[in-house]
Amino acid sequence: MEIEVKGHSGCQIDVVREDGQLYVYKSSRDPKYLARLALQAEKQHRAALPELQHIRVPKVHAIDRIDGMVSVKMDYVYSKNFVEFFEQAGFEQVGYLVDALIMYLEREIKDSPLAVVPRSVVTDKFADVRDKTLANKSFEGDGEIEEIMDASQRVFDALSDMLIPVGTCHGDLTFSNILFNGNNYYLIDFLDSFIESPLLDIVKLRQDTAWLWSQLMYVHPCDTIRLRIAFGKIDAELDNYFASRYEWYGRYYRPLQLMNFLRILQYAHEPAVIDYLKQAINEQLKEF
Amino acid sequence: MSNSKNFSLIVPAASDKGTEAGTMPHIFSTGRDGVLMCVKSVLGLNLEAFDSIYFTILRKHAEAFDTDSLLKLQFRRLGLGNVNIVILDEPTATQAETIVRTIEKEEITGSIFVKDADCFFRAEVFPENGVAVYPLEHLELVDPRHKSYVAVDDMQHVTNIIEKRVVSHLFNAGGYCFEDVAKFLKAYDKYASLGHVYLSHLIYAMLLDGDLFRPIQVKEYNDWNIQ
């Protein structure tokens, strides 16, 4: 059996057999990434502690810091990726997934009391994103990028302090970071987030369901129409669910989704990705 | 069974795919019994259940091969009175589009049964959502790559339909029933812009929206593309 594992963070990923069990070793020697990888592993370790129905987290067995390297040992999970799952999932499986994701997000919301996030957290973040974007050589002389930055500045300038749940989140809850094993869904690649809020996880999920980000990143042939039908259904379910229950969702989802896409844009280099991001951001800006 | 709702049979025979310039699509050729393939494709159905039957063909095939006249002769010979020939001026991009054009042109309402013109099966059909299915293991010759597959649960509900991926021993035998043509059109309008939308995509979308589909178990399935 061929085992395909791929990292997105630049970390080295190795699958190792020890005592008849497979483990994933995720490691980095990048001095700028060492502390972050350790923090992410600790976040994953904490997330694995509570038992949740259908949502699982691979157990972290060790976080080793040796010789300028951080190495994280965790369980290997036999699984399908999101395309393999959605290409074969019947309507019941899609329904189970939506229920499980909502249950997971509700658990995060329960663990995250409402707190005031000063608008400066967002405006400072945008100032940083703007600087990095304008320094990105792919955007040299690109008037459209400058217009996007100006329009986004106006959106964030108009933002007030946000009352949102703060406490816990996955940090990068896209379909690329979910492994599918029957009706169990394994969350991997936890990340630190600029606001540790479940709302940011909803934003990342809808980055895929509403904006098809992971589908864009998938390089193999697949039934894109089937995926878009499934994603559209999931997106409507998530949006309806949270819009009908939480005022903070209706009020702050859009500016935080805009920020999410701007944070991706700042590092973009491939022309197809840049075109996609510009289009998505311009469509979002029309909603303000 | 009550047949108070309008129930129409649509046979899309307007495909231009795989037809070399100047040649007649093979579904208009006859077997040894003298019946056109596309006409024979519906003879295993309980045709009395339908208020109207529509064969949709292309104008260029009608002009080049008199396919409309051929069909009329066949209907007269077989004693089929409620048959209409729908002629499309231009080829469509998908089978789903052919059906939609037929519905729009003929202002069809109620329920529709769509029957592929290149295969035969026997089945009793009713005006309710369903997909014709046949077990793969009953075929001697099969090209599994060119079929869609249908998963059915213990309650005899269709739970999944997938193009070209063998997820079930049941494959779609080339028959689809939509109880409410308005729901079918709504699904088509929503997804047509995505690209080459198959009927299986639309049924999958309707399943996700909570519509129930039953498997229609067919007999004597015969795929003329394989022979």
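Helix 6 of chain B is a good place to start in this predicted model. Its buried residues are B:Leu199, B:Ser200, B:His201, B:Leu202, B:Ile203, B:Tyr204, B:Ala205, B:Met206, B:Leu207 and B:Leu208. That is 10 of the 10 residues in the helix, which spans residues 199–208, so helix 6 of chain B is largely enclosed by the rest of the structure. If you follow the chain just past the end of this helix, you come to B:Gly210, which takes a positive phi of about 100 degrees.

Now move over to chain A, where two helices pack against each other. Helix 4 covers residues 119–135 and helix 5 covers residues 143–157, and their axes lie 11 Å apart at an angle of about 175 degrees. Because angles over 145 degrees count as roughly antiparallel, helix 4 of chain A is described as roughly antiparallel to helix 5 of chain A. On the helix 4 side, the contact is made by A:Val122, A:Thr123, A:Phe126, A:Arg130, A:Thr133 and A:Leu134, while helix 5 contributes A:Ile145, A:Met149, A:Ser152, A:Gln153 and A:Phe156. Sorted by class, this contact has 6 nonpolar, 4 polar and 1 charged residues.

Chain A also holds a sheet to look for. Here 3 strands form an open sheet in the order 3-9-8, with mixed pairing. Strand 3 (55–56) and strand 8 (178–181) are the edge strands, each pairing on one side only. Strand 8 of chain A runs antiparallel to strand 9 (residues 184–187) of chain A, and 4 bridges join the two. To find one of the pairings yourself, look at A:Asn181, whose bridge partner in strand 9 of chain A is A:Asn184.

Conventions: Residues are numbered from 1 along each chain as its sequence is written. Chains are lettered from A and ligands numbered from 1 in the order in which they are written. This is a predicted model: local features need pLDDT of at least 70, side-chain atom pairs count only at pLDDT 80 or more; totals for chains, interfaces and linings use all residues. Two strands pair if DSSP finds at least two bridges between them. A residue is buried if 20 or more other C-beta atoms lie within 10 Å of its own, exposed if 12 or fewer, and partly exposed in between; C-beta atoms are placed from the backbone. Axes are lines fitted to C-alpha atoms, for helices over the stretch in contact, and angles run from 0 to 180 degrees between N-to-C directions. Angles under 35 degrees count as roughly parallel, over 145 as roughly antiparallel, 65 to 115 as roughly perpendicular and the rest as oblique. Two residues are in contact if their C-beta atoms, placed from the backbone, lie within 7 Å. Ala, Val, Leu, Ile, Met, Phe, Trp, Tyr, Cys and Pro count as nonpolar, Asp, Glu, Lys and Arg as charged, and the others, Gly among them, as polar.
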